[in-house]
Amino acid sequence: MYDELKIQNLLDITKTIASEIFDGLTYPWEALPKISDFIIKLGATLPKDEYEQRGENIWIARSAKIAPTAYLNGPLIICPNAEIRHCAFIRGSAIVGEGAVVGNSTELKNCIIFQNAQVPHYNYIGDSILGYKSHLGAGAITSNLKSDKSIVTIPTADGKIDTGLKKFGAIVGDNVEVGCNSVLNPGTVIGRNTNVYPLSMVRGTIPQNSIYKKQGEIVEKISK
């Protein structure tokens, strides 16, 4: 049941330093409460010739590019060749994958950013997981708390899934493109290789290999 929401159908976990966090889990959001402790445990094992420890529970790859104006709070791991740009705000409990980009005025909190993912302009990523080579356009955000602060559920064709989480933003699959100024509402799950049009308000589960044009209008991509 809910096969399209299982980890292996959304994310290539070989494309993150955090692959072991998914051991024994069925759905990717089950990893969200584990991120902070996982970072502290993993950080202590990272090779000192490749990673520099800066402050408490902050490990930064020596090849990463960090703007002097970026704010970094732990627990945090920034992987090789990642780029943290001007005025990025990393609040903690974040893993920034190899070759990933965190841009100007982008805020991260309790999230896993897979390799080569990009959140380059004015994004908010909270209590979320972004897959390999996913990209959020300027101003696109993950909304991680319902207005009534109730438990986040995921609507599907087979009924709602109770995640047990009050704070849960989005799971963005590998190679997903999210258009500028879109909002991913709490509990949004976007399948692999899907495109979301700019200015979209996204809720629920979006199938892989789709184009999300507007709420209620989703079309399947046609392979060329």
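**Exercises: rings, a buried threonine, a pocket**

The charged end of Lys15 lies over the Tyr132 ring, 5.0 Å from the ring centre. Here "over" requires NZ of Lys or CZ of Arg within 6 Å of the ring centre and within 35 degrees of the ring normal. The model is predicted: local features need pLDDT of at least 70, side-chain atom pairs count only at pLDDT 80 or more, and totals for chains, interfaces and linings use all residues. Residues are numbered from 1 along each chain as its sequence is written, and side-chain values use heavy atoms, leaving out hydrogens and water.

**Exercise 1.** State which residues form one aromatic cluster with Trp29.

*Solution.*
- Apply the pairing rule: ring centres of Phe, Tyr and Trp (its six-membered ring) within 6.5 Å; planes under 30 degrees apart are stacked, over 60 edge-to-face, the rest tilted.
- The rule gives four aromatic pairs.
- Tyr27 and Phe168 join Trp29 in one cluster.

**Exercise 2.** Decide whether Thr188 is buried or exposed, then describe its surroundings.

*Solution.*
- Locate Thr188: strand E20, residues 188-190 (strands are DSSP runs of at least two residues, numbered from the N terminus).
- Thr188 is buried because its relative accessibility is 0%. The limits are under 20% for buried, over 50% for exposed, and partly exposed in between, with a 1.4 Å probe and protein chains only.
- Find its neighbours (heavy atoms within 4.5 Å). Leaving aside residues up to four places away in sequence, Thr188 touches Gly169, Ala170, Ile171, Val202, Arg203 and Gly204.
- Check its side chain: a polar atom there lies 2.7 Å from the backbone oxygen of Asn185.

Notes: A polar contact is a pair of N or O atoms within 3.5 Å; within protein, one must be able to donate a hydrogen and the other to accept it, and residues adjacent in sequence count only if both atoms are side-chain atoms.
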